[in-house]
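Reader: I have this protein open on my screen and would love a close look at one part of it. Could you pick a single helix and walk me through what surrounds it?

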Amino acid sequence: MIKVEHLSKQFDGVAVLKDVTTEIKTGEVVSIIGPSGTGKSTFLRCLNLLETPSGGSILIDGVDILDKKTDVAGIRQKMNMVFQSFNLFSHLSVLDNLTIGPVRLKGTNKAAARQKAMDLLRLVGLAEKAGNFPDELSGGQKQRVAIARCLAMEPQIILFDEPTSALDPTMVSEVLSVIRRLAREGMTMAIVTHEMDFARDVSNRVLYMDEGIIYEEGPPEQIFENPQREKTRAFIHRIR
Ligand code: ADP
Ligand code: MG
C-alpha cells in the first residue's frame, strides 16, 4: 500500500531522516521502535505530509504523493494520525469532534455522520460521553475519542505516534486494547511505541530506527528475541 524509497528530511541543514526505505502492506501492523530523537515522529509526519520530505519518494498504491498535484487533505484522510497529546478540539463536544471531519471535509450529511460517530463511540466504549467536552474526560478516554475520531474519516491506514506515552499507567491498557482490536479487524497501522510487549504481540513487523535510518527490521520474534545487529541488541537489552 505504501512504499517509501530513500526518504530524507533535514531541519536547518541537520539530517534527521537520512535514507529510509521500507513498505507497509495492506492489513499489516508495523511497529516503529528506537531511542528518542532518532526520527520516528518525523518519519510518520512525512508519511502524511505534516512535514515536507527533503528527498526520496512516498508511493501510495503506486502514486507518488510528493508530486505537487497531490491533494494533501485527501492524503491525510487516507493516512490519518493519532497523536501522543490527543489533539482533540477542546471547544467541541465528543460527538462533534467525531462529526466535524466527515461533515466538513467529506461532505457527509450530519445525520449519517452522527450515527456513524455513535457507532464508533460504542466501539471504543464511550457512547455515554458523547455530550461531554474533552476537558471532562480522563487521558485514556481522550485518547479513545481521538482514535474514534480518526476512524470516522475512514482511513486506509492509521499512524499512531506514541499513543500511550502521555497516559497514566492505569490508562494505558484501555487504549492498547482498542488498538489490538483494530489489528484483529485487519486495519493497516504504523505505530511508534515504547510499549514493547504490546509491539511484540500486535505487529507483523518491527522497524528499529536509530539516527535517522531503519537500522534493523524484521518480525517481532527477530527484533525482540534475536536481534541481528549490535545497536538493536543494546537497545532491547537496555529496555528490558
Ligand atoms: P523521535 O520521534 O524518534 O523522538 P523526532 O522525529 O521527534 O524523533 O526528532 C528527530 C530529531 O529532529 C530531533 O533531534 C528533533 O529535535 C528534530 N526535529 C524534529 N522536528 C523538528 C522541527 N520541526 N524543527 C527542527 N528540528 C526538529
Ligand atoms: Mg517522537
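Author: Happy to; here is a tour that starts at helix H1 and moves outward to the sheets, the cores and the largest pocket. Please keep in mind that this is a predicted model.

Helix H1 spans residues 40-47, and it is mostly covered, with 6 of its 8 residues buried. Those buried residues are Lys-40, Thr-42, Phe-43, Leu-44, Cys-46 and Leu-47. Just after the helix comes Leu-49, which has a positive phi, near 65°.

What does H1 lie across? On the one hand, H1 lies across E1, E2 and strand E4 (55-60), and its direction makes an angle of about 120° with E1. On the other, H1 lies across strand E3 (29-33), E6, E7, E8 and E9, and here the angle to E7 is about 150°. Both groups of strands deserve a look.

Let us take the sheet with E1 in it. It is an open sheet of 4 strands in the order E2-E1-E4-E5, with antiparallel pairing. Strand E2 (14-24) and strand E5 (63-64) are at its edges; each has a single partner strand, so one side of each is left without a neighbour in the sheet. Strand E1, residues 2-11, pairs with E2 in the antiparallel sense through 7 bridges. If you want a spot to zoom in on, Phe-11 stands opposite Val-14 of E2.

The other group belongs to an open sheet of 6 strands, ordered E6-E7-E8-E3-E9-E10, and its pairing is mixed. Its edge strands are strand E6 (79-82) and strand E10 (213-218), each of which pairs on one side only. From one strand to the next, the twist averages 20°. Strand E9 (residues 205-210) runs antiparallel to E10, and 5 bridges join them. Among the bridge partners, Val-206 is matched with Gly-218 in E10, and Leu-207 with Glu-217. E9 and E10 form a hairpin with 2 residues between them, and in the turn Glu-211 has a positive phi of about 50°.

H1 is not alone in lying across strands of this sheet: helix H5 lies across E6 and E7, at about 175° to E6. H5 also brings us to the hydrophobic interior. In soluble globular proteins, nonpolar side chains tend to be buried together. Here the largest nonpolar core has 36 residues, and those with the most contacts inside it are Leu-121, Ile-147, Ile-158, Phe-160, Ile-179 and Met-189. Helix H5 (139-152) is one of the elements that supply at least two residues of this core, along with helix H3 (94-105), helix H4 (110-123), strand E7 (157-161), helix H6 (169-184), strand E8 (188-192) and helix H7 (196-202). Leaving aside its neighbours within four places in sequence, Leu-121 is in contact with Val-94, Leu-95, Leu-98, Leu-126, Ala-127, Ala-130 and Ala-148. There is also a second, separate core of 27 residues, which includes Ile-2, Ile-24, Ile-75 and Ile-214.

Finally, where is the largest pocket? Asn-80, Phe-89, Leu-105, Arg-149 and Met-153 lie nearest its centre, out of 25 lining residues, and the space inside is about 520 Å³. Helix H2 (72-78), E6, H3 and H5 each give two or more residues to the lining. H3 gives the most, with 7 residues.

Notes
Residues are numbered from 1 along each chain as its sequence is written. Chains are lettered from A and ligands numbered from 1 in the order in which they are written. This is a predicted model: local features need pLDDT of at least 70, side-chain atom pairs count only at pLDDT 80 or more; totals for chains, interfaces and linings use all residues. Side-chain values use heavy atoms; hydrogens and water are left out. A nonpolar core is a set of buried Ala, Val, Leu, Ile, Met, Phe, Trp, Tyr and Cys residues joined through side-chain atoms within 4.5 Å. Buried means under 20% relative accessible area, exposed over 50%, partly exposed in between (1.4 Å probe, protein chains only). Contact means heavy atoms within 4.5 Å. Two strands pair if DSSP finds at least two bridges between them. Axes are lines fitted to C-alpha atoms, for helices over the stretch in contact, and angles run from 0 to 180 degrees between N-to-C directions. On a 1 Å grid over the protein atoms alone, a cavity is a set of points where a 1.4 Å probe fits but cannot get out, and a pocket is an open set with protein on both sides within 12 Å along at least five of seven lines; lining residues have an atom within 4 Å of a point. Grid points are joined across faces, edges and corners, and a volume is the space filled by probe spheres set on the points.
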